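Let's take a walk through this structure together, with the model open in front of you. Keep your viewer handy as you read.

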Amino acid sequence: MHINVAILGSGGHAKVVIDALLAANQQARISVYDDNPCLVGESLLQKFIVRGAPTDAFTEQYYHIAVGHNKTRALVAGRYAGRDKLFMSIIHPDASVSSFAVLADGVLVAANAVVAAGSSVAQGSIINHGAVVDHECEIGEFSHVAPNVTLGGAVVIGARSIVGAGAVVLPGIKLGCDVTVGAGAVVTRDINDGQVVRGIPARCFQ
């Protein structure tokens with residue numbers, strides 16, 4: 001199906017987003033935008049030329065915010081809330097998303113990720129390569145579940161939190177908003193808002 005999609009952001013994460021979008025729909029017509037004037041005119045993936053930041057009148061019907069930093073992604077989303085554009089989710093065809101899971105707008109599910117039955121992923125969140133979101137998990141808006149993370153059943157993650165690459169969160173654990181879990185950590189207890197944890201078992205460092 002031919003659809004016109006604005007990709008907002010041109011960094012490394014944008015490459016993952018574009019790859020997933022084209023794998024899911026080879027006929028998608030993609031335009032890449034960035035608000036960094038130094039990047040305008042650069043080539044992305046040897047195929048797309050980066051344009052200046054879109055105005056309210058950018059013509060693409062769909063858009064996806066391809067920015068890895070959670071708070072920045074949320075800020076950009078706020079600029080377009082309520083506009084006559086569709087904040088689209090992108091699911092790589094090699095991902096496994098249960099028909100009993102719920103994905104909100106603007107979510108990316110990368111290749112080989114799993115989102116199991118009963119789970120929900122809120123607006124603008126990233127489920128990255130090979131991550132496992134087991135049954136009945138709740139992922140807050142603009143969060144990031146990094147590559148090869150394993151979330152046990154019924155894990156709750158607050159808004160704008162990041163679970164670093166290869167980390168494990170045991171079943172039933174609750175992470176607050178703006179939490180950072182270090183790569184490879186094993187989280188065995190609930191974590192409060194804004195805390196930074198790392199290690200095995202994960203301990204607070206902020």
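Here is a short tour of two sheets, a pocket and one helix residue.

## A predicted model

Before we start, please keep in mind that this is a predicted model.

## The eight-stranded sheet

Begin with an open sheet built from eight strands, whose pairing is mixed. To trace it in your viewer, follow the order β7-β10-β13-β16-β19-β22-β24-β25. The edges are taken by β7 (90-91) and β25 (203-204). Each of these has a single partner strand, so one side of each is left without a neighbour in the sheet.

Within this order, β13 and β16 make a handy place to zoom in. Strand β13 covers residues 126-127 and strand β16 covers residues 144-145, and the two run parallel, joined over two bridges. Look for I126 here: its opposite number in β16 is H144. As background, strands of a sheet pair through backbone hydrogen bonds, in either a parallel or an antiparallel sense.

## The six-stranded sheet

Another open sheet has six strands, and its pairing is parallel. Its order reads β8-β11-β14-β17-β20-β23. At the edges you will find β8 (96-97) and β23 (186-187), each of which pairs on one side only.

For a closer view, try strand β17 (residues 150-151) beside strand β20 (residues 168-169), a parallel pair with two bridges. In this pair, L151 of the chain faces V169 in β20.

## The largest pocket

Which residues lie nearest the centre of the largest pocket? They are L8, G9, D35, V76 and R79, out of 13 residues that line the pocket. Two elements, β2 (29-34) and α2 (70-80), give two or more residues each to this lining. Helix α2 gives the most, with five residues.

The volume of the largest pocket comes to about 200 Å³. By character, its lining is made up of eight nonpolar, two polar and three charged residues.

## A look at V16

Is V16 buried or exposed? It falls in between: its relative accessibility is 22%, and buried would require under 20%, so V16 counts as partly exposed. You can find V16 in helix α1, which spans residues 12-24.

Leaving out residues up to four places away in sequence, V16 touches L108, A110 and H129. If you would like a distance to check in your viewer, try V16 and I139: they are 123 residues apart along the chain, and their C-alpha atoms are separated by 20 Å.

Conventions. Residues numbered from 1 in each chain as written. Predicted model: local features only at pLDDT ≥ 70, side-chain atom pairs only at ≥ 80, totals over all residues. Heavy atoms only, no water. Pairing = 2+ DSSP bridges. Helix = DSSP H or I, 4+ residues; strand = E, 2+ residues; numbered from the N terminus. 1 Å grid on protein atoms, 1.4 Å probe; cavity = no way out; pocket = protein on both sides within 12 Å on 5 of 7 lines; lining within 4 Å. Points joined across faces, edges and corners; volume = space filled by probe spheres on them. Nonpolar A, V, L, I, M, F, W, Y, C, P; charged D, E, K, R; others polar. Buried < 20%, exposed > 50% of the residue type's maximum accessible area, 1.4 Å probe, protein only. Contact = heavy atoms within 4.5 Å.
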